[in-house]
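Colleague: Could you take me closely through the aromatic contacts of this model, and say what surrounds them and how far the prediction can be relied on?

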Amino acid sequence: MRCIILSAAAVCFAICFAAPATNNHNFVLHEKRDGPAHQWTKRARAHPDEILPVRIGLIQSNLHQAEEYILDVSDPSSPNFGKHWSAEEVANTFAPTKKTHDSVTDWLVKSGIDATRHTSSTGKILLFSKRESRNWIQFNATIAETEGLFNTEYHYYEHDLSGGYRIACDKYHLPHRVRKYVDFAMPTIQLEGLRPIPNLLPNIDLESSLDFPWPQDGLTGITNCYNLITIECLRALYQFGPGNTSITGNEMGIPEFANFLYLPDLSTYFAKYTTQPVPNNTIPEFISIDGGQLADIRANGTYYHGGESALDFQTAYSIIYPQKLRRYQVGDGVNVDSVGTFNIFLDALDGSYCTYLGGDAPYVDPAYPDNQPGGYTGPLQCGGAPKSNVLSFSYNQIEAGLPVSYQERQCHEWMKLGLQGVSVLFASGDSGVANRYNSGYETSCLAPPDVGPYVDVNGTRFSPSFPTNCLWITAVGATFLKGQNISDGEVAVALADPNNPKDDYYSGGGFSNIFPLPSYQATAVTNYLTKYPPPYTSAIFNNSGTSRAYPDVSAIGLNVTVVIRGITQGAGGTSASTPIFASIVTLLNEARMSKGKGPIGFLNPTLYSHPEAFNDITVGKNSGCGTEGFKCQPGWDPVTGLGTPIYPKLEEIFLGLP
């Protein structure tokens with residue numbers, strides 16, 4: 001149907017519409033798309049009478065102090081360490097000013113968008129004023145009106161694979177006097193809306209490999225760890241013991257996106273691969289977000305299940321039980337856009353985010369109700385989902401595939417969670433210095449700087465990930481054993497595909513082209529670039545020394561035990577290393593809470609202050625984009641970060657903090 005609509009639009013509206021009438025001398029460029037859109041083809045001009053749902057995100061207050069605020073509660077040298085903020089304090093601090101709201105409203109009215117057409121956000125500031133936060137202004141407008149407002153031209157874009165279409169522009173402008181009050185406007189340059197990428201080792205097809213079970217079946221101590229990483233291997237490597245308590249309020253959360261947990265496999269895993277007895281009816285608390293289903297039952301009555309979910313939950317349970325887990329099942333999973341890029345999860349966790357800086361992004365995030373067959377027909381969930389002290393994401397996206405404003409907006413929200421005492425961990429990716437748009441896609445890199453920072457399957461410039469590029473999350477890379485014995489130590493994970501280098505598996509890492517270098521990381525990154533400068537120019541990666549670098553830490557990410565349909569497999573990817581590290585953070589929170597202390601929250605300032613609490617990984621690389629990528633070196637490096645955890649040292653450090 002979408003393809004038919006697009007074809008009709010191209011036939012009927014291929015005439016050249018008149019350029020929007022504007023006072024051009026009042027306008028300045030606000031945003032533009034850098035280079036051609038990946039997998040989207042520009043078609044005809046959009047019809048001037050077509051209606052767009054326009055959203056204008058207002059500049060919030062005090063974002064320039066974000067680093068100061070979050071370091072105040074997370075820097076180990078701060079007297080306010082651990083004194084996390086309430087949700088109300090966060091909302092009160094970052095709300096736009098009345099002048100911001102009134103200035104944008106005045107511009108719209110004078111431009112012909114009458115105030116009766118405006119809808120403002122309804123998020124409340126709950127501490128003192130009880131007034132509405134008014135983070136955004138929304139209205140419906142014709143293409144002609146919108147082109148006049150933004151001094152731009154809209155076109156239909158057709159998706160090369162699905163045939164679906166969207167309406168977008170290549171750039172847009174704002175009046176000079178208004179621009180300082182506006183963060184961004186939508187829909188404008190946004191096109192991408194692919195599912196978050198699961199970072200499960202692409203080389204292992206768990207479904208097709210079920211006919212070839214792993215030779216090991218059950219725990220065998222630490223003698224076979226090179227062949228299959230079990231909880232016994234992890235405890236020997238990182239020196240942590242079993243979980244001891246199930247403290248209310250210390251549940252660990254794992255969001256899943258269109259990847260479903262097959263519950264019968266949990267009891268099989270518990271019986272064979274956990275050292276402490278786990279009742280066979282143990283399952284995670286189920287949190288459905290915007291139509292998330294407990295299971296995906298196909299028309300023929302069979303269950304579809306994902307290796308991603310199995311690996312996440314089985315690994316976490318083996319480490320933290322009897323502590324409880326939460327499974328956030330996000331999105332109805334009906335179409336390629338239905339799970340968005342993490343924003344609908346954030347909406348459900350924090351109702352104020354539904355309206356934060358313009359709310360969700362039309363044409364990037366999914367819209368609910370979803371009227372497609374089988375779609376979720378309820379309203380977008382705004383708040384109500386419980387927060388967890390630790391969130392483990394085995395997914396990410398491509399930095400160059402999304403607008404800068406979109407990434408900055410979401411990064412601010414991760415910062416706000418850190419202020420509230422939440423530790424957010426993301427997989428760094430499985431493609432080394434390259435990247436991939438989704439599971440099953442070949443890796444891609446970026447075009448040269450003189451062409452533009454856009455995705456190119458034949459590019460040579462390194463391609464960072466999102467939101468691992470955000471300053472306020474902890475990015476987790478992957479390692480493996482150096483030799484047959486645990487005592488041999490670890491190296492950066494490396495598994496080359498002999499048939500296709502674009503399917504190679506290397507720990508994701510690199511330097512952002514968007515976000516600046518945070519102060520907590522400055523010494524470590526400067527040390528790496530000064531003592532061990534990579535042999536590449538700025539045409540290959542951002543070697544300025546002033547950008548956010550990742551990963552922050554690492555853990556084992558190959559041959560990790562997983563049971564699928566009752567059969568043992570060895571899986572890999574930063575999808576394995578991330579729940580391992582997140583589970584260790586949950587144990588650290590357990591230790592703190594048992595002493596009457598609060599959760600850690602944002603991890604990085606303390607981690608970078610104590611490199612002695614990590615096994616330094618000095619062997620390995622993360623190849624990609626036709627190069628060897630970066631190499632492991634003493635200290636932090638953009639392959640394995642600070643290294644892998646030494647639990648006793650971390651526990652001593654965090655128990656010594658307020």
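Modeller: What follows starts with confidence, turns to the aromatic pairs, and then moves out to the cores and one sheet.

This is a predicted model, and the chain averages a pLDDT of 84, with 81% of the residues scoring at least 70. Two stretches call for caution: residues 1–19 stay under a pLDDT of 50, with 27 contacts in the model beyond four places in sequence, and residues 122–133 are also below 50, with 26 contacts beyond near neighbours in sequence. Where pLDDT is low, the predicted coordinates should not be read in detail.

The structure holds 28 aromatic pairs, and one of them joins W472 to F602 in an edge-to-face arrangement, with 5.7 Å between the centres and 75° between the planes. Because W472 sits in the loop between strand 21 (465–466) and strand 22 (474–481), while F602 sits in the loop between helix 13 and helix 14 (604–609), this pair ties together parts that are 130 residues apart in sequence. W472 has a relative accessibility of 6% and therefore counts as buried; F602, at 2%, counts as buried too. F602 also pairs with Y520, and since the ring centres are 5.6 Å apart and the planes stand at 75°, that pair is edge-to-face. Here the link runs between Y520 in helix 12 (residues 519–531) and F602 in the loop between helix 13 and helix 14, which are 82 residues apart, and both Y520 and F602 are buried. Elsewhere in the list of aromatic residues, F462, F511, Y528, Y532, Y536, F541, F630 and W636 form one aromatic cluster.

As for the nonpolar packing, the largest core has 127 residues, of which W414 and I556 touch the most other members, and helix 13 (residues 574–594) supplies its largest share, nine residues. Leaving aside residues up to four places away in sequence, I556 touches residues including I229, L234, Y238, F480, L481, A576 and I580. Apart from this core lies another, of 32 residues, with W107, L108, I143 and Y156 among them.

Finally, three strands form an open antiparallel sheet in the order 2-6-7, in which strand 2 (40–45) and strand 7 (165–168) are the edge strands, each pairing on one side only. Neighbouring strands of this sheet are turned by 35° against each other on average, direction ignored. Strand 2 pairs with strand 6 (residues 155–159) over four bridges in the antiparallel sense, and the bridge partner of W40 in strand 6 is H159.

Conventions: Residues numbered from 1 in each chain as written. Predicted model: local features only at pLDDT ≥ 70, side-chain atom pairs only at ≥ 80, totals over all residues. Heavy atoms only, no water. Pairing = 2+ DSSP bridges. Helix = DSSP H or I, 4+ residues; strand = E, 2+ residues; numbered from the N terminus. Axes fitted to C-alpha atoms, helices over the stretch in contact; angles between N-to-C directions. pLDDT = per-residue confidence, 0-100. Contact = heavy atoms within 4.5 Å. Core = buried A, V, L, I, M, F, W, Y, C linked by side-chain atoms within 4.5 Å. Buried < 20%, exposed > 50% of the residue type's maximum accessible area, 1.4 Å probe, protein only. Phe/Tyr/Trp six-rings, centres within 6.5 Å; stacked < 30°, edge-to-face > 60°.
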